[in-house]
Amino acid sequence: MSRINQLSEHVANAIAAGEVVERPVSVVKELIENALDAGATSISVEIEDGGIKLIRIIDNGCGMDQEDAVKAFSCHATSKINQLEDLESIFTMGFRGEALASISAVSKVDLSTCMPEQNVGTQVKIEGGKHILTSEVAGVRGTSITVRDLFFNQPARYKFLKKDHTEAQYITILCERFVMIRPDVSFKLINNGKQILMSPGNGSPIDALYCVYGAEVVEQTISVDYTQSSVDVRGFAGKPAIARKGRGEQTVFVNDRLIRSKTISAAIEQAYRPYLMKGRFAFVVLFVNIPSALVDVNVHPQKSEVRFWNDSEVFRAVFHGIQNALKQSDMTSEPSRFSGEPMNTKHKDVSKVGHYLVSEENNISDSKGEKFPAEDSMLASSENNHSMHSAAGKSMPHELLEQNFFQNRNGHEMPLAFNASDFIKVSPTVLPFDNTNRQVEMSVDQPMEPSSESGEPDKDKRIALIELMEARFVGVLFATYILLESDSAFLIIDQHAAHEKILYERLSDRNRSKDYLKAQYLLTPQMLRLTRAEVMLVQAHQERLRELAFDIDLIGDFEVTVRAIPSFARESDIGLLVHEVLQSLDFKNDYLEQDVYHHLATAACKAAVKANDRLDVAEVQGLIKDLVGIANPYHCPHGRPIIVRYEKSDIEKWFKRIV
Ligand SMILES: Nc1ncnc2c1ncn2[C@@H]1O[C@H](COP(=O)(O)OP(=O)(O)OP(=O)(O)O)[C@@H](O)[C@H]1O
Ligand SMILES: [Mg+2]
């Protein structure tokens, strides 16, 4: 039974009229929207020559019967609305009944469609608006629509298309945005025969974010989840470290529609004002949901703008949503943002960001949303920023908002977060480093093993150790990081990681461990209250505990007396140590020898100097001496780095002493 109706002249005239097909990306957008409206859970987009030669969209949606498949190409033919009032409760992307008519008027379209549980489908061919064929085809559930030779009958329009790769880039970015907006749908994009995007479609917004932007952006974003009045704001707010030069990475969806909105852009800008310098724009993916009666979607021919009945309510919800998220986050950048390299290269950088990026003015005086001096001027102020031209002055397609990052964008790489003229670049090397002072490409997660078989550091690393031994003590930062200077570098040592590693190496060396595993008897035995399970472990492992230099007696159902602990441990850590060691034991009595070392390492970790323990100069000297004496002083037993090194020359560059 036919679902598509011809809109009355009255309704048709009231629909925002204008150009629907501007370039290949507009065709892709319309066809994806149709597939989504058809309830597809899997959408494949295939393009050739930037979509100019071919665009093929295949979906597994509801399909059409033969009558509708033909009707679908008429002007103002839609199954989505009947009367104008339907727009007030619209849940579909389409409503004008214009897209297929417009597309088929300027290209050669071949549509095959089949409804579920039908054996026979329909094929319809239209070229330049002329109906060529309607026939039956074998039924495959869903719709496949192929659009060839866009603007073949409109040479003037054809001339305005950009190079194939630019058009393909627009389409890629559009598809990425659909991945974000509909994590429950699996999208595939094939460009000139090569698959370049495939989303899992598992419904997880984080997985969608990961699929589009990669792990590093996921790490650098904060979740936004906020409701104010009738406005619901969800999504991801980027930390300042991944701010951009343009608004290209501000993606806003209103009721699942990709739109641009001055109100929302202004609210984002205000919320980030304390964190970003002028000219920097936050990375934001925002889903704003608002009752459909409070938003007018019928204001733009390409449906890329909406009008809110209450702008300030939307402004406040977005502003507070982002502001709350930012306040709750520590704004600490993960190592990697200031390298000035594309974001998905291996990182080498560490930096605190927020404090460097405070702009001079923050005129938001009231966090409760009562008064926003900037709100009054938001439309005017955002006007300038909403130019449809890129920084390079090039005109951008309407649908993609202000994507002036296109020029920089290369595949999935993001544009650079900052450039050298704006911020210092911080490029530490996680030791070990080589003697030419080149940076070593090394992930901090990558455990560093001694490079020679004997376990001795190689020549370069010995040089690094000599530098460490000869370095001068500068101070201790945050009661956690030991600061040292050598003639050519600034070194930072994580005192906890260092101590942990020293203990670990000593304890796991069978011969030396004897010294450290001597029991130290306590002047006053300590009572500990354990859980039932722990008491059972103490009973089961008396002997093993003695080997580990503990002397523990049961004195009640849940109590023990601790008489001795390993000599490396401190009395103040007894409770912690015992719980730790018991946790690493289990009820099986068949120990492997190396388990002992594992338990010791765990215990060592707990016993090690904590971050925030203030060390005096003598203790620092002792720690460094011990550190230099072990085979691998670079990573703690968990693989975290112990020493980070900044080149003196790099520091001089930050301050423009040298270039
Ligand atoms: N992939 C599809 N699967 C099922 N039905 C489709 C598909 N594409 C289009 N249709 C049907 O064809 C009709 C016309 O599509 P068209 O895109 O021209 O208009 P619309 O989606 O209703 O409105 P708009 O012009 O705003 O997109 C739709 O209303 C829908 O019923
Ligand atoms: Mg449509």
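In the predicted model, ligand 1 is surrounded by 21 residues, of which Asn34, Thr78, Ser79, Lys80 and Glu98 come nearest. Polar side-chain atoms of the protein approach the ligand at several points. A polar side-chain atom of Thr78 lies 2.5 Å from an oxygen atom of ligand 1, and one of Asp59 lies 2.9 Å from a nitrogen atom of ligand 1. For Thr143, an N or O atom in the side chain is placed 3.4 Å from a nitrogen atom of the ligand. Taken alone, ligand 1 would expose 590 Å², and the protein buries 96% of that area.

Lys80, one of the residues that come nearest to ligand 1, also takes part in a salt bridge with Asp37, in which the closest N and O atoms are 2.8 Å apart. Because Lys80 is located in the loop between strand S4 (77-78) and helix H4 (99-105), whereas Asp37 belongs to helix H2 (residues 24-37), this pair ties together parts that are 43 residues apart in sequence. Both partners are partly exposed, Lys80 having a relative accessible area of 24% and Asp37 one of 22%.

Across the whole structure, the search finds 18 salt bridges, among them the pair formed by Lys53 and Glu48, whose closest N and O atoms are separated by 3.5 Å. In this pair Lys53 is partly exposed, with a relative accessible area of 43%, and Glu48 is likewise partly exposed, at 24%. A further salt bridge links Arg645 to Glu647, with the closest N and O atoms 2.5 Å apart. Here the two partners, Arg645 and Glu647, are buried, the criterion being a relative accessible area under 20%. Through salt bridges that share partners, Arg645 and Glu647 are joined with Glu467 into one network.

Turning from charged pairs to nonpolar side chains, a patch on the surface is formed by Leu477, Phe478 and Tyr481, which together contribute about 290 Å² of accessible area. Within this patch, Phe478 is situated in the loop between strand S19 (472-477) and strand S20 (481-485). The relative accessible area of Phe478 is 58%, so this residue is classed as exposed, for which the cut-off is over 50%.

Technical notes. Residues are numbered from 1 along each chain as its sequence is written. Chains are lettered from A and ligands numbered from 1 in the order in which they are written. This is a predicted model: local features need pLDDT of at least 70, side-chain atom pairs count only at pLDDT 80 or more; totals for chains, interfaces and linings use all residues. Side-chain values use heavy atoms; hydrogens and water are left out. A salt bridge is a side-chain nitrogen of Lys or Arg within 4 Å of a carboxyl oxygen of Asp or Glu. Helices (H or I, at least four residues) and strands (E, at least two) are DSSP runs, numbered from the N terminus. Buried means under 20% relative accessible area, exposed over 50%, partly exposed in between (1.4 Å probe, protein chains only). Patches are made of residues with over 30% relative accessible area and no salt bridge: like charges are joined within 9 Å, nonpolar side chains (Val, Leu, Ile, Met, Phe, Trp, Tyr) within 5 Å. Accessible areas come from the Shrake-Rupley method with a 1.4 Å probe; for residues, only the protein chains shown count as cover. A residue is near a molecule or strand if one of its heavy atoms lies within 4 Å of it. A polar contact is a pair of N or O atoms within 3.5 Å; within protein, one must be able to donate a hydrogen and the other to accept it, and residues adjacent in sequence count only if both atoms are side-chain atoms.
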